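User: I have a model open and I'd like to learn how to read it feature by feature. Can you walk me through a few?

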Amino acid sequence: MDDRNMETGSSASNYGDNEHPKSIIHIDIDCFYAQVEMLRNPELRSVPLGVQQKNIVVTSNYEARKYGVQKCMLVTDAMKICPSLKLVNGEDLHNYRTASNKVFEVLQTWKCQVEKLGMDENFIDVTKLVLERSKSADVKNVALSGHLYKEPGIECLCGCHIRLKIASQIANEIRQKIYDELGLTTCAGVAHNKLLAKLICPLHKPNDQTTIFPDHGADFMSTLQSVRSIPSIGSKTTETLISHQIITVKDLQEVALEVLKKNFSSDMAVRLKHLSLGEDNTPVKQTGKPQSIGLEDSFKTVSLKSEVEDKFSALLQRLLVLVREDGRIPVSLRVTLRKKDAKRLSSHRESRQCQISSSIFTISNGILTVTEAGQQKLMTIIMRLFNKLIDLSKPFHLTLVGLAFTKFQERMTGRSSIVNYLMNDISVQSVLNLQNDCDTSATSMDYSAASPSSSTTTDLSDGEVEPSPKKPKKVNWIAKKRCLSKEDVASPSKLKVGELRLNSKELEKVSELRLNSRDRSLTPRASPAKDNLSDTSDTMKDVAEGGNCEGCPSYVDKEVFSALPGNMQQELKAMWKNPSSSVTRTSPRTMNKAKPNTLLKYFVPHK
Ligand code: TTP
Ligand code: MG
């Protein structure tokens, strides 16, 4: 992009260019938690309703909003302005998560890329669908569904106006389907990029939709009163911008690029400019399983080790429920703290993580479980990490503790791990699913808060660390960004093994079989594996006894292992001893350079 264009506020770019080929829909569920509660108890529909977490009304239904009850209001304030407000406790997120997953499933039926953003928002890239429809429909007469931000002065030469009108029809169908199947009303934004689709979405709510054409992007952006309204601008960037008197998005549009470059990296400065003009080229990335699963709890102050332990213990109980629902075996645990620091404007978190033994988890009837002893072991690890973060010889004051499982054992559904060959189900041992089912890597535009909240408001609910678009408002209720941190992003498998593939149904069966067989194969340990606080893997201490399979993890089928040629056995053992050289972490390029006569040669890059 030409810097001069930036400085004059011109919207030419590819980021933008004069072509706007994409059609993106953003869907946001109306008063999400409140709707879920109203579906569970229809009597709540006709009364003003607030969903409470600790002393905050995290959302309210539209009946309550008529009285002025807003999201994130203190319960006391909400009750003052609406004494008839009915409150339900929303601290157990299970039903919200279930509803969120159901919406995601409905969206998947359109066979387009769907990116989940937190619990109640999704992006859908309907570009291909629009193109298909534009071939068959009487495109010139296609009508826009819902609202249009502004009537166009002239038709854009690239034909995007017609395409976006078709997309608006699709958005309407999607919303109708969500309503018909789940009873949930939603809002939608339709645009040629994610940024505008998201920001235009709430223009008409509830239960409505808005489309914006590219030519009005910069104009619409200039109406936003705070740079913080831009999804990927977090509190730190905001602070820096404000310190240079760049407060509104219009200010950002008008400031010279050179000024931004003095305060940000060149790339960041250019990106800020693009965003201010409504330009964004980040793709909609299909959401898979989250990279990490975590919970946080924030509070006024905790200064005793025993209190910290109680907090962690409560978090762990809840976290284990989430992990069980997820089904993957965690192999890494992260502890996060926020120390009280009156001097700092931004909240400041510190984390420590370590690998954990997979033997802590067992799979019983296909369900992930942790024994009492396993839980104690996890608590020991947690407190050890805590001790590394806090100097207990001095007083400490914490305002937040967090726990997250940040890595998961590769299972047969979808990765290149060589250990997949060796699980106890010989009938499927040479079959890998190559679909990238875990690709939740952060896009270059992270729609979650770009930095932790600067809020020091206290007595808050536990925040579920999920990728979420909600920037902290009055409260610091969530820390989504952590879950998308780049170091957590595993690169998708690009490998294939022979030509063997299964379709998803078959894979489900295989998955079940493996879970069952793995369950059967779990052997009691002579001594519990040590938890390693350094970066070296502890999971490899998870050894099975006896025979020439000595040194293999317990899930390895001894028979299969014994049948392998000696050099392969050696290689696998070496790999298990030194997980950093594990095949699962090896890039396809490295694979190609594998020595002859190694197992690695069985892998060929996926083209
Ligand atoms: P939002 O989409 O911001 O709010 P909403 O869906 O309740 O209302 P709207 O009609 O304006 O879209 O957030 C989705 C859910 O996330 C919300 O129902 C409750 C929860 N939430 C919190 O827990 N804390 C918060 O600070 C916010 C903003 C939301
Ligand atoms: Mg919503």
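User: Let's start with one residue. Which residues does Thr59 touch, not counting residues up to four places away in sequence?

Analyst: Keep in mind as we go that this is a predicted model. Thr59 touches Cys31, Tyr33, Ala34, Leu49, Gly50, Val51, Arg65 and Lys71. The residue itself sits in strand E3, which covers residues 56-60. Its side chain also has a polar contact of 3.1 Å with the side chain of Arg65.

User: And is Thr59 buried or exposed?

Analyst: Buried: its relative accessible area is 6%, and the cut-off for that word is under 20%.

User: Which sheet does E3 belong to, and in what order do the strands run?

Analyst: E3 is part of an open sheet of four strands, ordered E4-E3-E2-E5, with mixed pairing. Strand E4 (73-74) and strand E5 (86-89) are at the edges with a single partner strand each, so one side of each has no neighbour in the sheet. E3 pairs with E4 in the antiparallel sense over two bridges, and Ile56 stands opposite Leu74 in E4.

User: There's a metal too. Which protein atoms are the donors of the magnesium ion (ligand 2)?

Analyst: They are Asp28 (OD), Ile29 (O) and Asp120 (OD), at 2.0 to 2.2 Å from the ion. Along the chain, the donors of this magnesium ion follow the spacing D-I-x90-D. Ile29 is in strand E1 (residues 24-29), while Asp120 is in the loop between strand E6 (113-117) and strand E7 (121-125), so this pair ties together parts that lie 91 residues apart in sequence. Ile29 and Asp120 are both buried.

User: How do I judge the geometry, and what is the site of the magnesium ion (ligand 2)?

Analyst: The general idea is to compare the angles with the ideal ones: for six octahedral donors those are 90 or 180 degrees. Here the six donor atoms of the magnesium ion (ligand 2) make angles of 79 to 172 degrees, and the site is octahedral.

User: You mentioned E1, E6 and E7. In what order do the strands of their open sheet run?

Analyst: That open sheet has six strands in the order E6-E7-E1-E9-E10-E8, and its pairing is mixed. E6 and strand E8 (147-148) stand at the edges with a single partner strand each, so each has one side without a neighbour in the sheet. Within the sheet, E1 pairs with strand E9 (residues 186-191) in the antiparallel sense over six bridges. His26, for instance, has Gly189 in E9 as its bridge partner.

User: On to cysteines. How many disulfides are there?

Analyst: A disulfide is a covalent bond between the sulfur atoms of two cysteines. Here the count comes to zero. The closest cysteine sulfur to that of Cys31 is in Cys187, 9.6 Å away, which is too far for a bond. Cys187 is in no disulfide either: its nearest cysteine sulfur, in Cys201, is 5.4 Å away. Cys31 is buried, with a relative accessible area of 7%, and Cys187 is buried too, at 2%.

User: Now side chains on a strand. Which side chains of strand E14 (residues 361-364) point to one face and are buried?

Analyst: In general, side chains alternate between the two faces of the sheet in a regular strand. In E14, Phe361 and Ile363 point to one face and are buried, whereas Thr362 and Ser364 point to the other and are not. E14 pairs with strand E15 (residues 367-370) in the antiparallel sense over four bridges, with Ser364 opposite Ile367. The two strands form a hairpin with two residues between them, and Asn365 in that turn has a positive phi of about 50 degrees.

User: Where else should I look at the backbone, say at the peptide bond from Lys205 to Pro206?

Analyst: That peptide bond is cis, with omega near 0 degrees. Pro206 is in the loop between helix H8 (194-200) and strand E10 (209-211). Asn207 lies in that loop between H8 and E10 and has a positive phi of about 55 degrees, although it is not a glycine. Asn207 is partly exposed, with a relative accessible area of 44%.

User: And what is the phi of Gln245?

Analyst: Gln245 has a positive phi of about 60 degrees, and it isn't a glycine. Look for Gln245 in the loop between helix H10 (235-243) and helix H11 (249-254), where it is exposed, with a relative accessible area of 60%.

Definitions and conventions
Residues numbered from 1 in each chain as written. Chains lettered and ligands numbered in written order. Predicted model: local features only at pLDDT ≥ 70, side-chain atom pairs only at ≥ 80, totals over all residues. Heavy atoms only, no water. Buried < 20%, exposed > 50% of the residue type's maximum accessible area, 1.4 Å probe, protein only. Polar contact = N/O pair within 3.5 Å; in protein donor to acceptor, adjacent residues only side chain to side chain. Contact = heavy atoms within 4.5 Å. Donors = N, O, S within 2.8 Å, 3.2 Å for Na, K, Ca; no water. Tetrahedral: all angles 85-135°; square planar, octahedral: opposite > 155°, others 65-115°. Pairing = 2+ DSSP bridges. Disulfide = S-S within 2.5 Å.
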